[in-house]
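Let's take a walk through this structure, starting with charged pairs and ending with what UniProt has to say. Keep the view open as you read.

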Amino acid sequence: MAAELVPNKKVIFKNYITGFVKETDMELITSDTIQLKLPEGSPGMIVKNLYLSCDPYMRSCMSKHDEPNYVTEFAAGSVITGLGVSKVVYSGHTDFSVGDFVYGMTGWEEYSVITNPESFSKIKDTDVPLSYYTGILGMPGFTAYIGFYEICAPKQGEYVFVSAASGAVGQLVGQFAKLMGCYVVGSAGSDEKVDLLKNKFDFDEAFNYKKEPDFNAALKRYFPEGIDIYFDNVGGAILDAVLLNMRPHGRISACGMISQYNLEKPEGVHNLMHIIANRIRCKGFLILDYYHLYLEFVEKIIPDIRQDEIKYVEDKVEGLENGPAALISLFKGLNVGKKLVVIAHE
């Protein structure tokens, strides 16, 4: 019996770029098809992609790197890849069955052939939204958990500042800090996001950094006694101002630097002497190094989600054809919450 042949719309990456990414650097292909069956004996699987995650690291995949990098470059002329939630429609692997929901690195296309199913995780907790596995239960949520608890070692009553605080990671860091009994301030790029931080995520204070001509003065206003923990998602001028306001023995979790990703010449940081004077610990991290703690993270956060102790905001875009614009919106600060692309609901 012949395998079913179905259309397979996809987004390809056209060529390596410098500077700001544009929609024209990607292309929607609507003419491809795929057979929903693999050769006899193949250990792979075919998945129907449901939700695709838009993540800042993907910008780095679009540039050619002369030196080793922690991300793999996209192949020019090939399908963009990223984290996503999918449903198994064909399986030659003993660990996965047709109908299973899975989470892992997939293609920006309607259906993907997965040659390494062992890199995917089977979704067991299906009583929470499946899309959460691109966010709060996926890489962003795990990043917030590791970056705050493992890297920062927070204590009750400490003063915590989070940049890009309404994004996929920042919104969770702030809530984790509040659950610890910390004083929390977040920065974001619009009044709408500031309102979200204060009234939905219960941050103590928040400010629109675009309305602050002097970041140092803004931080002194919100942290007159200084900052114990800074969770850095942006780098650049805000990081420089934070260094002037850290308390002795403060900790900086260097999670991301989205303000720098599209610059051909990155900005410098000038206040590094304060790291010495105030004995500040600044540590970068890659979530890949901590995956042995992922199940522990899920076990801790699933009850909080079910009991509404943790709130999560998603910014969904329907349709693969809107994927390129959705990804670019991250770098323009247009997303409110976790940005993801919905290809199919099941």
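## A charged pair near the start of the chain

K10 and D32 form a salt bridge, and their closest N and O atoms are 3.2 Å apart. Bear in mind that this is a predicted model. K10 sits in strand β2 (residues 10-13), while D32 is in the loop between β3 (26-29) and β4 (33-35), so the bridge ties together parts that are 22 residues apart in sequence. The two ends are covered to unlike degrees: K10 has a relative accessible area of 13% and so is buried, whereas D32, with 29%, is partly exposed.

The pair isn't on its own, either. E109 joins in, and K10, D32 and E109 are linked in a network of salt bridges.

## Other salt bridges

How many salt bridges does a search of the whole structure find? The count is 18. As background, side chains of opposite charge can pair when their charged atoms come close.

One of the 18 brings K339 together with D315, with 3.4 Å between the closest N and O atoms. This pair links distant parts of the chain, since K339 belongs to strand β17 and D315 to strand β16, 24 residues apart. Are K339 and D315 buried or exposed? Both are buried. There is also a salt bridge between the side chains of E314 and K316, at 3.6 Å from N to O. Here E314 is partly exposed, because its relative accessibility is 22%, and K316 is partly exposed too, with a relative accessible area of 40%.

## The nonpolar cores

In soluble globular proteins, nonpolar side chains tend to be buried together. In this model, the largest nonpolar core has 81 residues. Those with the most contacts inside it are M62, I80, W108, I136, L137, F142 and L327. Helix α1 (residues 139-152) supplies the largest share of this core, eight residues. There's also a second, separate core of 18 residues, with Y222, Y230, L243 and M246 among them.

If you want one residue to click on, try M62. Leaving aside neighbours within four places in sequence, M62 is in contact with F13, N15, Y16, I17, V21, M26, F74, I80 and L327. Two of those names, I80 and L327, also appear in the list of residues with the most contacts inside the core.

## V47 in strand β5

V47 lies in strand β5 (residues 45-53). Its relative accessible area is 0%, so V47 counts as buried. Beyond its neighbours within four places in sequence, V47 is in contact with S86, K87, V88, V89, V102, T106, E110, Y111, S112 and I114. For a sense of the distances, the C-alpha atoms of V47 and G107 are separated by 9.9 Å, although these residues are 60 apart along the chain.

## An enclosed helix

Why can we call helix α2 (residues 170-179) largely enclosed by the rest of the structure? Because eight of its ten residues are buried. The buried ones are G170, Q171, L172, V173, G174, Q175, F176 and A177.

What do these buried residues pack against? They have α1, β10 (159-162), β11 (183-188), β13 (227-232), α7 and β17 (338-342) around them as packing partners. After α2 comes G181, with a positive phi near 85 degrees.

## Positive phi without glycine

H249, in strand β14 (residues 246-254), has a positive phi near 65 degrees despite being a residue other than glycine. D308 is another non-glycine residue with a positive phi, near 60 degrees. D308 lies in the loop between α7 and β16 (314-318), and is partly exposed because its relative accessible area is 49%.

## A nonpolar patch outside

Not every nonpolar side chain is tucked away: Y70, L286, L288 and Y291 form a nonpolar patch on the surface, with about 390 Å² of accessible area together. L288 is found in the loop between β15 (281-284) and α7 (294-306). With 57% relative accessibility, L288 counts as exposed, because the cut-off for that is over 50%.

## What the record adds

UniProt, in an unreviewed entry, places the feature "domain: Enoyl reductase (ER)" at residues 30-341. In the model, that span is 24% helix and 25% strand, and its end C-alpha atoms lie 17 Å apart.

Note on methods: Residues are numbered from 1 along each chain as its sequence is written. This is a predicted model: local features need pLDDT of at least 70, side-chain atom pairs count only at pLDDT 80 or more; totals for chains, interfaces and linings use all residues. Side-chain values use heavy atoms; hydrogens and water are left out. Patches are made of residues with over 30% relative accessible area and no salt bridge: like charges are joined within 9 Å, nonpolar side chains (Val, Leu, Ile, Met, Phe, Trp, Tyr) within 5 Å. Accessible areas come from the Shrake-Rupley method with a 1.4 Å probe; for residues, only the protein chains shown count as cover. A salt bridge is a side-chain nitrogen of Lys or Arg within 4 Å of a carboxyl oxygen of Asp or Glu. Helices (H or I, at least four residues) and strands (E, at least two) are DSSP runs, numbered from the N terminus. Buried means under 20% relative accessible area, exposed over 50%, partly exposed in between (1.4 Å probe, protein chains only). UniProt positions are given in the numbering used here, feature names are shortened, and annotations may be inferred rather than shown by experiment. A nonpolar core is a set of buried Ala, Val, Leu, Ile, Met, Phe, Trp, Tyr and Cys residues joined through side-chain atoms within 4.5 Å. Contact means heavy atoms within 4.5 Å.
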